[in-house]
Amino acid sequence: MPLHAAGRVVEAMQDFGFDPGEHLPAQAPWLVSNFVLSRFPAELPGATLAWDNIVLGSSSLGYVVSTHQDLRVGPPPRTVFTAYHALAEMSPGAAREWMTRASPAELLELASADLRTAYGWKLAACCERAEIALRGHGMAVPAPGYLSNRGLLALREADGCILFAHGDLSGYSVFEEAAWWGDRCARRICSA
Ligand SMILES: Cc1cc2nc3c(=O)[nH]c(=O)nc-3n(C[C@H](O)[C@H](O)[C@H](O)COP(=O)(O)OP(=O)(O)OC[C@H]3O[C@@H](n4cnc5c(N)ncnc54)[C@H](O)[C@@H]3O)c2cc1C
């Protein structure tokens, strides 16, 4: 499980050499938003839709076409675009606080910023529904010094009936790191 959860679930995390107050990396909050579209909105001439689309100059992370792995010979009639926004314009704590009091309209405005830039009024004409997930602790922030975080180094070496295997052990959030720690943990269990 993520270390911010483990810090509350595992008794005496300090005994593993990990003090959540000192060693837990800051956790970045994210908005992950699904826009259910009754059809694909028209693209600008010469700007082909990709599976992952970034808006130049935006502070959001763009949107993916969530039906892009459907096995079909042509595009489906309906689709879902998933937009990502890391609330990096605020500190993580301030962003979580904002999330708790933001109105649905404020969340929608932020979540749809890239799509509105790309499609303007055409977005509303196709959008049936938007579902916005608030990820208060979306991923670890790799701040300077994270490679020598002593608490993370200690958890990597934990051995016994509790093992740690989350991407957080690397101090930053990518699938390769998560897969590495999971594989290492499974091998350790198999050889015990
Ligand atoms: C918005 C977003 C976009 C991302 N994009 C990319 C990308 O493009 N490329 C990339 O490489 N990585 C990306 N990542 C990072 C990637 O998702 C993570 O690194 C990876 O999912 C971590 O895998 P994990 O198995 O370590 O942990 P997780 O996927 O976090 O799994 C932890 C599991 O623990 C469970 N859990 C939590 N609490 C408890 C509990 N108390 N008891 C039992 N179970 C519990 C959770 O339900 C979850 O299933 C992204 C992350 C986010 C949030």
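Reader: Leaving aside neighbours within four places in sequence, which residues is Ala83 in contact with?
Author: Heads-up: this is a predicted model, in which local features need pLDDT of at least 70, side-chain atom pairs count only at pLDDT 80 or more, and totals for chains, interfaces and linings use all residues. Residues are numbered from 1 along each chain as its sequence is written. Being in contact takes C-beta atoms, placed from the backbone, within 7 Å of each other. Skipping those sequence neighbours, Ala83 is in contact with Ser33, Phe35, Ser60, Tyr63, Ala111, Ser112, Asp114 and Leu115.

Reader: Along strand 4, which side chains point to one face and are buried?
Author: Strands (E, at least two residues) and helices (H or I, at least four) are DSSP runs, numbered from the N terminus. Buried means 20 or more other C-beta atoms within 10 Å of a residue's own, exposed means 12 or fewer, and partly exposed is in between, with C-beta atoms placed from the backbone. The side chains alternate: Val80, Thr82, Tyr84 and Ala86 point to the other face and aren't buried, leaving Thr79, Phe81, Ala83 and His85.

Reader: In strand 4, what is the bridge partner of Tyr63?
Author: Strands count as paired if DSSP finds at least two bridges between them. Strands 3 and 4 have three, and they run antiparallel. In strand 4, Tyr63 is partnered by Ala83.

Reader: How many bridges join strand 1 to strand 4?
Author: One place to look is Trp30, which stands opposite Ala86 in strand 4. The two strands run antiparallel, and the number of bridges joining them is eight.

Reader: Which element gives the most to the largest nonpolar core?
Author: A nonpolar core is a set of buried Ala, Val, Leu, Ile, Met, Phe, Trp, Tyr and Cys residues joined through C-beta atoms within 7 Å. The largest one has 13 residues, and Phe35, Tyr63, Phe81, Ala83 and Leu115 have the most contacts inside it. Strand 1 (27-37), strand 3 (63-65), strand 4 (79-86) and helix 5 (113-119) each supply at least two. With five residues, the top giver is strand 1.

Reader: Where does the largest share of the shell around the ligand come from?
Author: A residue is near the ligand if its C-beta atom, placed from the backbone, lies within 6 Å of it. Of the 16 residues around the ligand, Met1, Gly167, Val174, Phe175 and Ala178 come nearest. The largest share, three residues, comes from strand 5.

Reader: Is Ala12 buried or exposed?
Author: You'll find Ala12 in the loop between helix 1 and helix 2 (20-23). Because Ala12 has 6 C-beta neighbours inside 10 Å, it counts as exposed.

Definitions and conventions. Two residues are in contact if their C-beta atoms, placed from the backbone, lie within 7 Å.
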